[in-house]
Amino acid sequence: MLFSNKLRYALATVAVAALVVLGIDVKQAVAHKDPHTADQLKAFEDVFMEQVKIGDALFHGDEKGRGTKLSRTGMACAMCHPFASDTHPHEFPKFQEQIGSFATLRDMINWCIEKPNEGEKLAADSDQMKALEAYIYWSNRNSKLDPGRH
Amino acid sequence: MNDRQIERPDPSTVLTRRSFINKSLLKGGAGVAAAGFFPVINTMDFAYGQGAQSFRFAWVSDTHLYPKDVNTRFVDKAVRAFKEVQAMSPAADFMIFGGDLAQLGDPVEINLGAELLKEVKIKKYFIPGEHDWYLDMGALWNKSFGAAPWTFDHKGVRIIGLDTISYAEDFWTSRKYSPKERMGHMATLDGTLGGAWSAVGEKQMRWLSSTLANWGKDKPVLIFTHTPLYEYYPAWNFWVRDWKAVQELLAPYGNVTNVHGHVHQPLYNEIGKMRSIGMLATSWPWPYAPEGVPALTRPMVRADPGDHFDGVGWGSLSGGNRVEAEYKMWRKTVFATAEVDSGTGDNRNQVLFPRVVDRL
C-alpha cells in the first residue's frame with residue numbers, strides 16, 4: 001500500500017480544506033468578473049489617458065507644478081524621442097549597455113534624466129514616473145513585444 | 001512607369017564630401033585628441049563635367065544654441081565646427097549656414113551665434129530655420145544675416161538659397177498666443193499646432209522660376225534649403241508642403257542638387273533628375289522617422305545618448321558616376337554595418353502613435 005490509512009485521512013482533510021479555500025476564491029473571482037458597464041470602461045480609460053497626458057507634458061518639457069526637475073540643459077525627452085520613438089519600451093527589461101546592468105524601462109528613464117538631461121531622477125514608483133511610463137507605452141502600444149532585445 | 005519615374009540625376013556630376021584631420025588643430029588640441037575625438041573637417045567638393053570648375057565649400061547647420069547659462073554643450077560644438085571650417089586648408093570658397101542657429105529665437109541666442117560665427121572669415125551665406133524665426137517673425141535674423149532667397153553664380157554653378165520657413169499659417173492670433181508660445185509650438189518637432197509650416201510659397205517659386213529662366217537646362221544648379229524639398233514623414237514636419245510644385249518647376253533642369261539641414265541625420269533621395277542630401281546637425285541627432293525614409297538613404301549608426309558629441313558633426317558624400325553618401329561624424333563611423341546598430345534597423349518592432357495633446 002502506497003499510503004497508510006492515517007496518511008490518507010490527513011491528505012483528504014487537506015484536500016477538502018483546499019477546495020473550501022478555492023471555493024471562496026472562485027466566488028470572489030466570479031464576483032470580480034461581473035460584466036463591466038460602459039461607464040466603468042470609460043472611467044478606466046479616463047484614468048489612463050489622464051496619466052498619458054501628464055506624461056506627454058513632462059516628456060515635452062512642461063513640468064509646471066509637477067515638482068520635478070527632469071532637465072537642466074533645456075533639453076526635453078521629446079527632443080530626442082518625438083512620438084516617444086526610440087524609447088523601445090517593448091524591449092525592456094534587458095541588459096542596458098549605458099547602465100551596465102539588467103534594467104527596466106524605469107531605470108532607463110532615470111538614466112536619461114540624470115545623464116543626458118542632467119536632471120534629478122524620479123522615485124521608481126512615483127506618480128511622475130508612472131505618467132512618463134504611461135505616455136511612452138501608449139505611444140508605442142502596437143509595437144511587438146521583444147524583451148531583452150538590444 | 002512614366003518618363004519621370006525613370007529619370008535620374010545627371011551622372012556627370014560628381015559630388016564628394018571628404019574629411020581630413022587638420023594638423024594645426026591637432027597640435028593645439030592634445031586634450032581634445034586624448035578625449036577620443038579628432039578635429040575632423042568635412043567639405044563638399046563639386047566636380048561638374050559640363051564646363052563648371054570643381055570647388056569646395058563648407059556646410060554647418062542646426063547648432064540650436066541656448067544661452068550659455070542654460071547649457072554650453074551646443075555652444076562647444078558650434079565653436080568647434082566654426083574653428084574647423086576656418087582651419088580648412090586650402091580654404092573653402094564659402095560656407096553655408098543652413099538654419100536653426102538658435103533654439104528658441106531668443107536674441108541672446110542669435111547674437112551669441114553671430115559672435116561665434118566671427119570665427120569664420122571666409123564668405124558666409126545664410127538661410128533661416130524655424131527656430132530662428134518664430135519669436136519675432138525673422139526680424140533679428142534678417143537684420144543680422146540678411147534675407148533669403150538669394151542667388152549667385154560660382155564657377156559655373158548657379159547657387160540658390162531659399163527660405164522654406166516663413167510660410168506657416170497663422171495659428172497664433174486666434175488663440176492669442178504670445179510670441180514665446182508661438183515659438184515654442186514651432187520648435188516642437190512632434191507638435192501639431194504649427195501645422196504643415198514649411199513651404200517655398202508661390203511668390204518665392206516665381207522668384208525661383210525667373211532666377212533659373214536664363215540658366216541652361218543642363219547646367220548645374222545647387223539649392224540650399226533648411227527643410228528637404230520632398231515629403232518625409234509629415235507628422236514631424238520633415239517636409240516642404242508644396243514640394244510637388246517645386247519639383248515640377250525644377251523638372252526641366254537636369255543637374256539640380258538640393259542640400260538641406262533640419263532632419264539632423266544623413267539622408268539621400270532622388271526625385272526625377274534632382275538629388276537631395278540631408279546633413280548632420282552639430283547639436284543632436286533626430287531619430288529616423290518610423291516610415292518614409294528614402295530608399296536610397298544609407299542610415300547612420302545608432303548614436304550613444306550619453307555622448308553629446310556622438311551622432312553629430314559633418315559628413316562625407318562621394319560618388320563615381322552617381323552620388324554616394326559617406327558621412328563622418330566627430331565620434332565614430334557613421335554608417336552601421338549591421339542592422340542591430342542601424343538607426344532604422346534598430347526600430348524594426350516599433351509602431352508609433354501621434355500625440356493627443358500638445359500641451360496641457
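## Exercises on helix H2 of chain A

**Exercise 1.** What should the 22 residues of H2(A) span at 1.5 Å a residue, and how far apart are its end C-alpha atoms?

*Solution.* The expected span of a helix is 1.5 Å times one less than its number of residues. For the 22 residues of H2(A) that gives 32 Å, and the end C-alpha atoms are 31 Å apart, which agrees. Helices (H or I, at least four residues) and strands (E, at least two) are DSSP runs, numbered from the N terminus.

The model is predicted: local features need pLDDT of at least 70, side-chain atom pairs count only at pLDDT 80 or more, and totals for chains, interfaces and linings use all residues. Residues are numbered from 1 along each chain as its sequence is written, while chains are lettered from A and ligands numbered from 1 in the order in which they are written.

**Exercise 2.** Which residues of H2(A) are buried, and which helix do they pack against?

*Solution.* A residue is buried if 20 or more other C-beta atoms, placed from the backbone, lie within 10 Å of its own. In H2(A) these are A:Val52, A:Ile54, A:Gly55, A:Asp56, A:Ala57, A:Leu58 and A:Phe59. They pack against helix H4 (127–139) of chain A. Just after H2(A), A:Gly61 has a positive phi of about 90°.

**Exercise 3.** How many residues does each chain bring to the contact?

*Solution.* Two residues are in contact if their C-beta atoms, placed from the backbone, lie within 7 Å. Chain A brings 28 residues and chain B 26 residues. On the side of chain A, the largest share, three residues, comes from helix H2 (residues 38–59).

Note on methods:
A residue is buried if 20 or more other C-beta atoms lie within 10 Å of its own, exposed if 12 or fewer, and partly exposed in between; C-beta atoms are placed from the backbone.
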